[in-house]
Amino acid sequence: MIYFSKSKYCGLWQCPKIAWLRKHKPEEFAADDALEDKRKKGQEVGELAKSIFGDFVDVTVMSGDDLNIPEMIRRTQAEMEKGSPVICEAAFEWNGLYCAVDILKKEDEGWAIYEVKSSTKDDKAVYFADVAYQNYVLKNCGVNVCGSYLVVLNNEYVFDGELDISELFKITDVTQEAASQEMIIEPNLRLAERILSSDEEPAIDLSMGCHDPYDCGFWNYCARELPKPSVFDLYRLSFKKKLEHYYRGVVSYEDLIAEQSITNEKHLRQMEYYLFDKGTYVDKDNLREFLDGLTYPLYFLDFETVRYAIPRYIGTRPYQQVAFQYSLHYIEHEGGDLKHKEFLAEPGTDPRRKLAEQLCEDIPMNVCVTAYNKSFECARIKEMAEAFPDLAGHLLNIESNIRDLADPFQSRWYYNKEMGGSFSIKSVLPALFPNDPELDYHALDGVHNGTEAMTIFPKMEEMTPEEQAETRKNLLAYCRLDTLAMVKVWEKLKEAVE
C-alpha cells in the first residue's frame, strides 16, 4: 500500500509539522491565487521539459481525476525492459514509498534522474532532498541510478521569436548533493511513520525554516497564539532577530519596550504609537522638503504586470515582469482639475510596444511623475527603453523624473499605528482614510490586488467576449484606484505640513 510520496517527503524534510498538518489539518493551509498560479506554471514548464532530450514516452495514466499508479508502474517497467531512451513520469514503488520521476533517461551505465523545477534556482537544498528520495526509491527497486540532475529555467535566456528549449532550460548535475542527503532518508522515514500515524500534533516551535522562501503555507496557523501585534510585525527587523526575541519570551510590544532591547527609533515609534495611541507622527521638515520636490504638471503612475515562466515575447526572459496596463492620474497646474488616462492591452498580444507608445503620448518629457515604490515602474520603463530604442529617449526621460511616493512612509516621516509594520499602498490608504468606500479595495469586483490582476490577465485569452468585457472593466477599476489612492495620499501629506 502506498503511503508516502516525494512531495510528502519534502514537506517532512522542511518541517515534520508541515507533513502532519497536510495530513491532519489541510484546511489550515493558506492557499491563494499566487500558489495556484505557481502550480499551473509548474505544469506548463514540466510538460515542455519532457521534450528536452527529443522523443519520449509518457507513462501517465489517469483514472478519472486521479493517477492510476499501479498501471503507471507497470508501464514504466515495460518501457524500461524495452530500453526506451526517455521515459517521463516514470513511476516506482517500494515498501509503500512512491515516486514519479519527471524524466528518466537511459545511459550506458544505467538510468539518470532529471527532476524538473519551474524555478530559475538550482541550489535549493529541498530540491536535493527531493532527488535523494527518488534515488532511494529507485535503488531499492533495483534500478541502477547513474546520475541525478536538476532541470530549471535559465533566467539568462532571451526569447528571439523561436523557442529554443535547449537554451531555455539549464541542467545541473546534483549527484553529489543528492548523495549527501541520502544518509538521512531512513531516519526521516522512521520519523514520518511515527509522526503521521499519531493524532497528536508535533510540538515543533517556530524557527528560521518558517522564513524560508520555500514557504510552507501554515505560518498563520503556527503563529496563531502570538500576541497581536508581536515582534514579528516590526518593520524591517530581520527574521533572525525576531526569533531571538521570541526564544527569550520577549514577544509583545509591551515586553519589548520593558526590556529596552529595541533601540531603533522607527521600531520604537511603531510600538509606542500602537500602545499609547499617540495619533499621527509627522516630520514636517523632511516631509515639506519631499513635497517641494514634486512640481506641476504632476503625474501619478502605476503599472500592472504579467510574468510568464516560458517567455512569449521577443526580447523577454523567463518570469520577466511585462507591463500590460497602466493608470495615470495627473494635475496640470496648482488648483487644476484631476484628470485620468489609462491603458490596458488586448489579451494574447505583446502589450509592450503599444503601452510604451501611449505612455510617451500621455506623459510629456521633463515633467514630475510619482510612483509608489518607484523601483518597480522604473525597471519596467528601462526594459521597454531597451526593447524599443526609438522610444528610449522619451522613456528614460520619464524614468529619470519619477519620485517615490512611498518615501515619506518608509522613512517614517508620516506614521500612525494603523499602518502597522507595512508601508504598501494597501496598508497606508486605509490608515489615512478609514472607512472611505471610494478607497476600499475590498469593494471592487473581481480584482482586488496586484496578484489577482497578474493572474487574471492571461486567463482573458480563454474567456468569452462577455467575460472579457467584465474582466477588462474590473482591471481598469482596480488600476485606477491605485493611482487615485496615490493622489489622495499626496493630498493628505500636503495637509499635514500646512
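Here is a short chat about the model shown above.

Me: Before we start, what kind of model is this, and how many helices and strands are in the secondary structure of the chain?
Reply: It's a predicted model, where local features need pLDDT of at least 70, side-chain atom pairs count only at pLDDT 80 or more, and totals for chains, interfaces and linings use all residues. Residues are numbered from 1 along each chain as its sequence is written, and side-chain values use heavy atoms, with hydrogens and water left out. Helices (H or I, at least four residues) and strands (E, at least two) are DSSP runs, numbered from the N terminus. On that basis the chain comes to 20 helices and 15 strands.

Me: What percentage of the residues count as buried?
Reply: The C-alpha atoms fill a box of roughly 80 × 60 × 40 Å, taken along the principal axes. Buried means under 20% relative accessible area, exposed is over 50%, and partly exposed is in between (1.4 Å probe, protein chains only). Of the 498 residues in the chain, the buried share is 49%.

Me: Among contacts between residues at least 6 apart in sequence, what share joins residues at least 24 apart?
Reply: A contact here is heavy atoms within 4.5 Å. Among the contacts between residues at least 6 apart, the share joining residues at least 24 apart is 67%.

Me: Which strands stand at the edges of the six-stranded sheet?
Reply: Two strands pair if DSSP finds at least two bridges between them. This open sheet has mixed pairing and the order E1-E4-E5-E6-E7-E8. Each edge strand has a single partner, so one side of it is left without a neighbour in the sheet; the two are E1 and E8 (169-173).

Me: What is the bridge partner of Asp58 in E4?
Reply: Strand E1 (residues 57-58) runs parallel to strand E4 (residues 86-94), and two bridges join them. In E4, Asp58 is partnered by Cys88.

Me: Which turn residue in the E4 and E5 hairpin has a positive phi?
Reply: E4 pairs with strand E5 (residues 97-107) in the antiparallel sense, over eight bridges. Along this pairing, Phe92 has Cys99 as its partner and Ile87 has Leu104. The hairpin leaves two residues between the strands, and the one with a phi of about 55° is Asn95.

Me: In the five-stranded sheet, which residue of E12 stands opposite Leu328?
Reply: The order in this open sheet is E12-E11-E10-E13-E14, with mixed pairing. Its edge strands, E12 (338-344) and E14, each pair on one side only. Strand E11 (residues 321-331) and E12 pair in the antiparallel sense over seven bridges. Opposite Leu328 stands Lys341.

Me: Are H5 and H7 roughly parallel or roughly perpendicular?
Reply: Axes are lines fitted to C-alpha atoms, for helices over the stretch in contact, and angles run from 0 to 180 degrees between N-to-C directions. Helix H5 (residues 125-140) and helix H7 (residues 175-182) pack at about 75°, with axes 8 Å apart. Angles under 35 degrees count as roughly parallel, over 145 as roughly antiparallel, 65 to 115 as roughly perpendicular and the rest as oblique. H5 and H7 are therefore roughly perpendicular.

Me: Why is the pair of Phe29 and Phe218 called edge-to-face?
Reply: Rings of Phe, Tyr and Trp (its six-membered ring) pair if their centres lie within 6.5 Å; planes under 30 degrees apart count as stacked, over 60 as edge-to-face and the rest as tilted. By this rule there are 28 aromatic pairs. The ring centres of Phe29 and Phe218 are 5.5 Å apart with planes at 70°, so the pair is edge-to-face.

Me: Which of these two is buried and which is partly exposed, Phe29 or Phe218?
Reply: The two rings are 189 residues apart, with Phe29 in the loop between H2 (16-24) and H3 (33-49) and Phe218 in the loop between H8 (185-196) and H9 (219-222). Phe218 has 1% relative accessibility and counts as buried. At 31% relative accessible area, the partly exposed residue is Phe29.

Me: What do the buried residues of H2 pack against?
Reply: The buried residues in H2 are Pro16, Lys17, Ile18, Ala19, Trp20 and Leu21. They pack against H1 (6-14), H8 and H9.
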